[in-house]
Structures are given as C-alpha cells and as structure tokens.
Amino acid sequence: MSSLASPPRQLLPAEESLVDQAYAQIEERIVTLQLAPGQVVSENMLSALLGLGRTPVREALQQLAREGLVVIMPKRGIIVSEIDVRKQLKLLEVRREIERYLVGSAARRAEAEERQAFDDLAERLDAAGASSDGEAFLALDRSFNRLLLQAGRNDYATAVMKLMQGLSRRFWFAHYKQSANLPEAAQLHARIARHIAANQPELAMQDLDRLIDNVETFTRATLD
C-alpha cells in the first residue's frame, strides 16, 4: 500500500540563509542575461558556479520556477525561461494594479527611516537618469522594489509582486538600450519615491500610472 508523501522538511535558519544567497545570485545572473533565455542549467553546474551546496540551489530554483524565470522539466533538465513580449504586456496589467496599491500603502505606512531611505533613493535615481546609467538604474530599481514591499506592509501584495519583479527587471535589461527612455523612467521612480517619503499617496499613485504607461510604451516598442 502506498504511503502519503511526507511534508517538506523545515529548513534551519542557516540553510535559509544559504537559500537566500543562492536565489539572489542565480536571479541576478538570469536578470542580467549571464544565464541566457533558453539556456539549460543544472543543480551541479550552479552549485559549482556559486560555491554552494545542491540543497540551497535546489530550493532557490524552485522559487525561481514559481516566479517564471526557470522551467523545471522532470527527467529533462532545467531551462532558463524565454522572454515573451506578449506575456510581459499581460504581466503589466496586473503589476499596475498591485503596485498602485503598494505605493499608496507605503506613502501612508512608511516609518521615518523608510521615508528617509526613499528620499535618498530619489537622489540616486535622478543621478542615474541624468547619466543614462542603465546598470546603476537596475540596481536602484531593485532597492526601490525591496523598500516598497517593506513599507507597504501587506504580505499578500508582496507575494504577488515578487512573482513579477524578476521577469520585469530581466525584460527591461534585455531591451533598455534599444527601446527604453531611461531618463524618464528614472525620473518617475524618483518622483514616486519622494511622494512616498512625503506621505502623498494620491500623487504617488498618479506617478505610478505614468511609470507603467512608460513601461508599456517601452514594451510595445520591442515588438517593432
């Protein structure tokens, strides 16, 4: 008689830290195309590349699969997912609504230290936009996203946003040199950050709509 599958083993704190490390390093390599769309990877290859054990790498890959950045095919391997413009447009429909909620929530709920961090980010985003520094902007965008999820204080919205952020950042990195208006995107991020810092939820949401309009225009331009 077959037995029920045993529940997943609870990770120890030290193991969770290693999973976080593995996830961050693999995700960054996928987002910046060091691991290219369509590339076949393996737990052994990634373990050797990162200098980490297979268990944290396996857990990280499961998370990346949930986020759509890799496809795990039993007995066939692990493939970095392809970039799909039409899927990206559908993603933006959901991202607009969730992120609009989050910027309004962050503007109302952010604590003093978080408001100062948003102000600091705004200055750096303006500088990245003025110099058209795409890699600096990508790093600042990641910091902005993390701070937004923290200040928004809604676990459900956070869970949904995390499913979209890696795909969004990878798409932007793949195409920004050809199609993006980087100064405008950086300026809009900076404006949202300042509105959050100043407890101005309505203005933050208005500029978020402008930002998603900008991203949608950029995304559609890649079809040409």
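A pocket is an open set of points, on a 1 Å grid over the protein atoms alone, where a 1.4 Å probe fits, with protein on both sides within 12 Å along at least five of seven lines; lining residues have an atom within 4 Å of a point. The model is predicted, local features need pLDDT of at least 70, side-chain atom pairs count only at pLDDT 80 or more, and totals for chains, interfaces and linings use all residues. Residues are numbered from 1 along each chain as its sequence is written, and side-chain values use heavy atoms, without hydrogens and water.

**Exercise 1.** Describe the second largest pocket and its lining.

Solution. Step one, volume: about 200 Å³, taken as the space filled by probe spheres set on the grid points, which are joined across faces, edges and corners. Step two, residues: the lining includes Gly68, Ser81, Asp84, Lys87, Leu167 and Phe171. Step three, elements: α4 (85-109) and α7 each give two or more residues; helices (H or I, at least four residues) and strands (E, at least two) are DSSP runs numbered from the N terminus. Step four, classes: 4 residues are nonpolar, 3 polar and 4 charged, where Ala, Val, Leu, Ile, Met, Phe, Trp, Tyr, Cys and Pro count as nonpolar, Asp, Glu, Lys and Arg as charged, and the others, Gly among them, as polar.

**Exercise 2.** Find which helix supplies the largest share of the lining of the largest pocket.

Solution. The largest pocket holds about 370 Å³. Among its 15 lining residues, Tyr23, Arg142, Arg146, Lys162 and Gln165 are closest to the centre. At least two residues each come from α1 (13-31), α6 (134-152) and α7 (155-179). The largest share, 5 residues, belongs to α7. The lining divides into 3 nonpolar, 5 polar and 7 charged residues.

**Exercise 3.** Work out the strand order of the sheet and place α3 against the sheet.

Solution. The 3 strands form an open antiparallel sheet in the order β1-β3-β2; strands pair if DSSP finds at least two bridges between them. β1 (40-41) and β2 (70-73) are the edge strands, each pairing on one side only. Between β1 and β3 (77-80) there are 2 bridges, and Val40 stands opposite Ile79. Helix α3 (54-66) touches β2 and β3, and its direction makes about 115° with that of β2. Contact here means heavy atoms within 4.5 Å; axes are lines fitted to C-alpha atoms, for helices over the stretch in contact, and angles run from 0 to 180 degrees between N-to-C directions.

**Exercise 4.** Explain what the salt bridge of Asp213 and Arg96 ties together.

Solution. The whole structure has 18 salt bridges (a side-chain nitrogen of Lys or Arg within 4 Å of a carboxyl oxygen of Asp or Glu). In one of them, Asp213 meets Arg96 at 2.8 Å, N to O. Asp213 lies in α9 (201-221) and Arg96 in α4, so the pair ties together parts 117 residues apart in sequence.
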